[in-house]
Amino acid sequence: MQGSLFVISGPSGVGKTTIRQELTKMMPDLFVSVSATTRPKRPEEINGRDYIFMGPEEFDATLSRNGFFEWANVHGNLYGTPTGPIEEKLAKSENALLVIDVQGACQVRARIPSSSVLIFLLPPSINELESRLQGRKSDTVEQVKLRLENAKSELESLLNYDYSVVNHTIAQATQDVASIIRWCSYRRKYDRQGKN
Ligand code: 5GP
């Protein structure tokens with residue numbers, strides 16, 4: 001039986017990147033996918049660690065040779081999950097984590113329905129999300145406005161998800177996601193043993 005693909009989505013500014021970093025520390029054996037993107041690199045980001053930064057031509061070429069497990073246009077930039085490492089992990093019955101948008105999560109669910117676990121990360125409130133986005137300083141006023149508009153439509157996808165976690169604090173939300181991953185992995189192993 002193949003491993004599970006855990007997918008975390010949620011609106012911009014909800015804390016996905018920080019929770020991904022904390023999960024990496026808490027669960028060092030969990031493979032965390034690094035996405036490719038055409039978005040310009042932010043000063044604090046490192047190519048290959050945070051994203052694989054590429055131009056639109058390289059992205060298109062990768063896409064046309066089925067190099068993305070899923071991909072989407074988010075806020076005007078292209079993002080995709082490289083296929084190779086994911087297929088390799090799943091084939092070895094290992095788990096992997098993707099932090100991607102709602103369109104990508106939908107593609108993952110369609111591609112591997114029984115091996116995907118979708119987790120939606122929620123802000124405590126829309127007002128809280130707005131102040132987190134404004135405090136981030138990496139985005140312009142227009143970008144904050146666009147990301148808030150997108151957040152409202154992303155929230156409509158919540159019903160397609162298996163679990164939701166409210167990010168009151170990073171420590172609590174990371175623990176909640178880790179518990180979901182441990183529980184689902186345990187249940188899958190147990191189901192597998194039951195079938196042998
Ligand atoms: P940011 O540019 O702020 O890092 O990310 C913008 C959005 O793109 C976030 O919602 C993030 O989760 C999403 N994203 C990052 N990588 C991928 C990916 O590989 N595929 C998809 N579909 N979305 C992604």
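**Exercise 1. Find which element gives the most to the lining of the second largest pocket, then describe that pocket.**

Solution. Let's start with the answer: α7 contributes the most to this lining, namely five residues. Keep in mind that we're working with a predicted model.

Step 1: look at who else takes part. Both β8 (116-122) and α7 (170-195) supply at least two residues of the lining.

Step 2: go to the middle. The lining has 15 residues, and those nearest the centre of the pocket are Ser 114, Val 117, Cys 184, Arg 187 and Arg 188.

Step 3: sort the lining by class. You get five nonpolar, four polar and six charged residues.

Step 4: add the volume, which is about 220 Å³ for this second largest pocket.

**Exercise 2. Work out how the largest pocket is built: what is its volume, and which residues lie nearest its centre?**

Solution. Step 1: the space in the largest pocket comes to about 760 Å³.

Step 2: its lining is made of 33 residues, with Lys 16, Thr 17, Arg 39, Arg 42 and Tyr 51 nearest the centre.

Step 3: match the lining to elements. At least two residues each come from α1 (16-26), β5 (68-74), β6 (77-82) and α6 (141-155). The largest share belongs to α1, with five residues.

Step 4: sort by class again. This time there are 13 charged, eleven polar and nine nonpolar residues.

**Exercise 3. Asp 101 is a buried residue; find out what its side chain reaches.**

Solution. Step 1: place the residue. Asp 101 sits in the loop between β7 (96-99) and α4 (102-111).

Step 2: check for a charged partner. Asp 101 has no salt bridge, and Lys 16, the nearest side chain of opposite charge, is 8.6 Å away. A salt bridge would need the nitrogen and oxygen atoms within 4 Å.

Step 3: look at the backbone instead. The side chain of Asp 101 reaches the backbone nitrogen of Gly 104 at 3.0 Å.

**Exercise 4. Take three of the salt bridges and say where their residues lie, buried or exposed.**

Solution. Step 1: get the total, which is seven salt bridges.

Step 2: try Arg 49 and Asp 50, whose closest N and O atoms are 2.9 Å apart. Arg 49 is partly exposed at 46% relative accessible area, while Asp 50, at 10%, is buried.

Step 3: move on to Glu 87 and Arg 111, which meet at 3.3 Å, N to O. Glu 87 belongs to helix α3 and Arg 111 to helix α4, so this pair ties together parts 24 residues apart in sequence. Glu 87 is partly exposed, with a relative accessible area of 40%; Arg 111 is partly exposed too, at 40%.

Step 4: finish with Glu 128 and Arg 132, joined at 3.1 Å between their closest N and O atoms. Both lie in helix α5 (residues 126-136), four residues apart, or about one turn of the helix. Glu 128 is partly exposed at 31%.

**Exercise 5. Where do Asn 66 and Ser 93 lie, and what is phi in each?**

Solution. Step 1: Asn 66 is in the loop between α2 (56-64) and β5. Its phi is near 55°, a positive value in a residue other than glycine. Asn 66 is exposed, with 65% relative accessible area.

Step 2: Ser 93 is in the loop between α3 (83-91) and β7. Phi is near 60° there, again positive without a glycine. Ser 93 is partly exposed, at 30%.

How values were computed. Residues are numbered from 1 along each chain as its sequence is written. This is a predicted model: local features need pLDDT of at least 70, side-chain atom pairs count only at pLDDT 80 or more; totals for chains, interfaces and linings use all residues. Side-chain values use heavy atoms; hydrogens and water are left out. On a 1 Å grid over the protein atoms alone, a cavity is a set of points where a 1.4 Å probe fits but cannot get out, and a pocket is an open set with protein on both sides within 12 Å along at least five of seven lines; lining residues have an atom within 4 Å of a point. Grid points are joined across faces, edges and corners, and a volume is the space filled by probe spheres set on the points. Ala, Val, Leu, Ile, Met, Phe, Trp, Tyr, Cys and Pro count as nonpolar, Asp, Glu, Lys and Arg as charged, and the others, Gly among them, as polar. Buried means under 20% relative accessible area, exposed over 50%, partly exposed in between (1.4 Å probe, protein chains only). Lys and Arg count as positive and Asp and Glu as negative; His and the chain ends are not counted. A polar contact is a pair of N or O atoms within 3.5 Å; within protein, one must be able to donate a hydrogen and the other to accept it, and residues adjacent in sequence count only if both atoms are side-chain atoms.
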